Amino acid sequence: MITKRPRRNRYNEVIRSMVQETALELNDFIFPLFIIEGENQKVEVASMPGINRYSVDTLLDEVASCVDLGIKAFAPFPSIPENLKDKYARESANPDGLFPRAIREIKKNFPDVVLMTDVAMDPYSSDGHDGIVINGEIVNDETLEVLGNMALTQAQAGADIVGPSDMMDGRVGYIRRVLDENGFHKVGIMSYTAKYASAFYGPFRDALDSAPKMGDKKTYQMNPANSREALIEAALDTEEGADYLMVKPALAYLDIIKLLRDNSHLPIAAYNVSGEYAMVKAAGLKGWIDGEKAMLESLLSIKRAGADIILSYFAKDFANYLRK
């Protein structure tokens with residue numbers, strides 16, 4: 001005699017919907033965008049089908065189309081010309097640079113959207129690293145001033161949330177002090193708390209031309225073999241004033257998302273990174289998998305693991321899916 005029959009709760013679509021434990025909503029998403037210099041520019045990222053790099057004027061059109069679909073939060077990233085890069089990423093604090101100009105234009109035209117901006121040296125650095133390189137070493141404390149000035153410039157331009165993605169020690173506290181001392185108490189910090197030295201970042205670096213010119217990022221990004229270390233980073237970021245904790249990448253680190261969710265009361269974000277997007281897109285275009293179903297399953301797994309917020313290049317695809 002079978003007394004327990006879990007299949008009864010899977011009998012039809014209505015019952016399955018009633019007992020569904022996890023649901024994706026458009027409000028869960030932040031949509032990353034790539035910005036380039038120029039006018040009337042819209043250039044597809046070859047390794048990220050469906051994702052483009054935009055000049056500021058066409059970027060506004062893209063944001064408008066996203067807002068019409070119900071997307072309310074964006075994470076812009078700048079592609080800085082090589083001639084403006086230097087060892088100390090000075091362009092990152094230029095109030096008239098590409099990134100602050102883009103932030104101001106977005107907020108001017110769409111004052112109700114939320115902008116989460118990236119705080120890291122690599123898009124602006126001639127070395128391609130997230131910290132200052134001295135004698136072949138990425139130095140920590142000297143980098144903090146650069147990051148603080150960058151965060152302040154972004155806040156002044158209109159950023160709602162700044163996202164230090166550099167993984168330097170002490171950067172959350174340093175940035176919080178700089179923002180507060182300059183009156184930006186309302187600007188939040190979404191810390192890239194557990195950012196791993198991952199192979200899944202390749203297409204992103206293609207989009208921004210920001211790969212390291214020498215060495216790798218293993219002295220500051222986390223070892224993919226480690227999980228307990230993420231709790232150390234989370235405790236420090238929380239103590240220093242982070243408002244959100246992020247795990248990056250997402251799909252290969254669902255256990256880390258769950259670990260932080262179970263050990264923190266702060267909102268947990270997860271970055272469904274470029275390589276994760278590219279794999280699903282490429283296989284879908286080849287007809288090897290159902291790309292839409294794989295997208296939905298992947299995003300649902302991130303939410304199920306415990307993410308409150310998902311940064312994903314699929315955000316617009318998901319919004320279009322909801323319109324069907």
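**Exercise 1. Strand 5 and its neighbours**

Which residue in strand 5 is the bridge partner of Phe74? Then place strand 5 among the strands beside it.

*Solution.* This is a predicted model, so let us read it step by step.

Step 1. The bridge partner of Phe74 is Leu115, in strand 5. The pairing involved is that of strand 4 (residues 73-78) with strand 5, which is parallel and holds two bridges.

Step 2. Follow the chain between these two strands: from strand 4 the path goes through helix 3 (residues 98-109) to strand 5, making a right-handed β-α-β crossover.

Step 3. Now look at strand 8 (residues 161-164). Strand 8 runs parallel to strand 5, and four bridges join them. Here Val119 has Pro164 of strand 8 as its bridge partner.

Step 4. Finally, check the cover. Of the six residues of strand 5 (residues 114-119), five are buried.

**Exercise 2. The buried side of helix 8**

Find the buried residues of helix 8 (residues 254-263), and work out how they are arranged around its axis.

*Solution.* Step 1. The buried residues are Ile256, Ile257 and Leu260.

Step 2. Viewed down the axis of helix 8, these buried residues fall within an arc of 105°, so they line one face of the helix. The general rule helps here: an α-helix has 3.6 residues a turn, so residues three or four places apart point the same way.

Step 3. Ask what covers them. The cover includes strand 9 (188-195), helix 7, strand 10 (244-248), strand 11 (268-272) and helix 10 (291-305).

Step 4. Take a look at the loop between strand 10 and helix 8, where Pro249 is found. The peptide bond from Lys248 to Pro249 is cis, with omega near -5°.

**Exercise 3. Charges under cover**

How far is Glu233 from Arg171, the nearest side chain of opposite charge? Compare this with the salt bridge of Arg171.

*Solution.* Step 1. Glu233 lies in helix 7 (residues 228-240). Glu233 is buried, and Arg171 is 4.7 Å away. A salt bridge needs the nitrogen within 4 Å of the carboxyl oxygen, and Glu233 has none.

Step 2. Beyond its neighbours up to four places away in sequence, Glu233 touches Met167, Thr193 and Met222.

Step 3. Arg171 does meet Asp237 in a salt bridge, at 3.5 Å from N to O. Asp237 lies in helix 7 and Arg171 in helix 5 (residues 171-181), so the pair ties together parts that are 66 residues apart in sequence. Asp237 is buried at 2% relative accessible area, and Arg171 is also buried, at 2%.

**Exercise 4. Two more salt bridges**

Describe where the salt bridges Lys107–Asp160 and Lys217–Asp130 sit.

*Solution.* Step 1. Lys107 and Asp160 meet at 2.9 Å, N to O. Lys107 lies in helix 3 and Asp160 in the loop between helix 4 (141-157) and strand 8, so the pair joins parts 53 residues apart in sequence. Lys107 is buried at 16% relative accessibility, whereas Asp160 is partly exposed at 25%.

Step 2. In the bridge between Lys217 and Asp130, the closest N and O atoms are 3.3 Å apart. Lys217 is in the loop between helix 6 (202-208) and helix 7, and Asp130 is in the loop between strand 5 and strand 6, 87 residues apart. Lys217 is buried at 5%, and Asp130 is buried at 0%.

Step 3. Put the second pair in context: Asp122, Asp130 and Lys217 are linked in a network of salt bridges.

Note on methods
Residues numbered from 1 in each chain as written. Predicted model: local features only at pLDDT ≥ 70, side-chain atom pairs only at ≥ 80, totals over all residues. Heavy atoms only, no water. Buried < 20%, exposed > 50% of the residue type's maximum accessible area, 1.4 Å probe, protein only. Pairing = 2+ DSSP bridges. Right-handed = clockwise from strand over helix to strand, strands pointing away. Lys, Arg positive; Asp, Glu negative; His and termini not counted. Contact = heavy atoms within 4.5 Å. Arc of directions from axis to C-beta.
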